[in-house]
Amino acid sequence: KGERATERAIMPPSSCEEEWSPELEEAAALWARTAERAESAIIWSSSSEESSLSSNEEWSPRNLERVATNDPSLTEVHCYNKGIGDDEVIKLVEALQDNTNVFHLNLRYNMITDAGVKALAKLLTINAKITHLWLGGNKITSKGAKALGEMLKINATVTEVDLDSNQVSMDLKQNINRLVKINRESSNQEDARRRKKAEAVWLFQKSNWERDLERVAKNSR
């Protein structure tokens, strides 16, 4: 019986063939509340069934308008595997300029390059709300990662950055993770900036990987 109730709770009431009962009424109410929370918290989502939908259908003016108007019920933006490129990211950055509610950006597995990442980095030098930035599986190189590193020397609120499955050197990833860890462990923003300065995290030094490439190129001349 418990399993049947759970099954009903995750189905719309119209899909239940049984006669209406107090148990079904309770399940329908639970389903409605769950759907409402999902709608208000996430504007662009992707399941395996939806992953083939075009980015135009998912990246709609209405959704951007909710970000731009600072909709308080909207706290997360998920756009996973939707073919999103730099142009769409720049539009999102523009919409986020005055937003104080969105804290989570999930842009994994799209077509974002260094140009889009640099736009995000510029935004995050002044945005003090966003804490999670997921960019894994894009077309980002060390140039874009360096822009994030420069931003993180100033930003004290981003506590999670995902750059996996990009063309970013391990040294740069480690430096970025170190700055993010300082943000995560600090008691406040001033403490985070003080610790970064004291520990002298220099992200602009060339990584070992880049120096090795230059050495090989020089020796081959």
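Is aspartate 191 buried or exposed? In this structure, which is a predicted model, aspartate 191 has a relative accessibility of 15% and therefore counts as buried, the cut-off for that class being under 20%. The side chain of aspartate 191 meets that of arginine 194 in a salt bridge, with a nitrogen-to-oxygen distance of 2.5 Å. Both residues belong to helix 9, where they stand 3 residues apart and are thus separated by about one helical turn.

A second salt bridge of helix 9 (residues 189-199) links glutamate 190 with arginine 193, their closest N and O atoms lying 3.3 Å apart. Here too the partners are 3 residues apart in the helix, which corresponds to about one helical turn. An α-helix has 3.6 residues a turn, so residues three or four places apart point the same way. In contrast to the buried aspartate 191, glutamate 190 counts as exposed, because its relative accessibility is 56% and the class begins over 50%. Its partner, arginine 193, is partly exposed at 30% relative accessibility.

The structure holds 7 salt bridges in total, and another of them joins glutamate 185 to lysine 181, with 3.3 Å between the closest N and O atoms. These two residues lie 4 residues apart in helix 8 (residues 170-185), again about one turn of the helix. Glutamate 185 is partly exposed, with a relative accessibility of 43%, and lysine 181 is likewise partly exposed, with a relative accessible area of 34%.

Helix 8 itself comprises 16 residues and extends 22 Å from its first C-alpha to its last, which is close to the 22 Å expected at 1.5 Å a residue. Its buried residues are Leu172, Lys173, Ile176, Leu179, Val180, Ile182 and Asn183. The elements that cover these buried residues include helix 7, strand 4 (160-162) and helix 9, the last of which also carries the salt bridge between glutamate 190 and arginine 193.

A comparable description can be given for helix 5 (residues 86-96), in which Asp86, Glu88, Val89, Leu92, Val93, Ala95 and Leu96 are buried. Among the elements covering the buried residues of helix 5 are helix 4 (61-68), strand 2 (104-106) and helix 6 (114-124).

In soluble globular proteins, nonpolar side chains tend to be buried together. The largest nonpolar core of this model contains 38 residues, of which Leu105, Leu135 and Leu148 touch the most other members. At least two residues of this core are supplied by each of helix 4, helix 5, helix 6, helix 7 (142-152) and helix 8. The largest contribution comes from helix 6, which provides 6 residues.

Leucine 135 offers a closer view of these surroundings. When residues up to four places away in sequence are not counted, leucine 135 touches Leu107, Arg108, Ile112, Val117, Leu120, Ile140, Leu148, Asp162, Leu163 and Asn166. Among these contacts is Leu148, which, together with Leu105 and leucine 135, is one of the residues that touch the most other members of the core.

Arginine 108, also in contact with leucine 135, lies over the face of tryptophan 134, at 4.0 Å from the ring centre. As regards aromatic rings paired with one another, a search of the whole structure finds 1 aromatic pair.

Conventions
Residues are numbered from 1 along each chain as its sequence is written. This is a predicted model: local features need pLDDT of at least 70, side-chain atom pairs count only at pLDDT 80 or more; totals for chains, interfaces and linings use all residues. Side-chain values use heavy atoms; hydrogens and water are left out. A salt bridge is a side-chain nitrogen of Lys or Arg within 4 Å of a carboxyl oxygen of Asp or Glu. Buried means under 20% relative accessible area, exposed over 50%, partly exposed in between (1.4 Å probe, protein chains only). Rings of Phe, Tyr and Trp (its six-membered ring) pair if their centres lie within 6.5 Å; planes under 30 degrees apart count as stacked, over 60 as edge-to-face and the rest as tilted. A charge sits over a ring if NZ of Lys or CZ of Arg is within 6 Å of the ring centre and within 35 degrees of the ring normal. Contact means heavy atoms within 4.5 Å. A nonpolar core is a set of buried Ala, Val, Leu, Ile, Met, Phe, Trp, Tyr and Cys residues joined through side-chain atoms within 4.5 Å. The expected span of a helix is 1.5 Å times one less than its number of residues.
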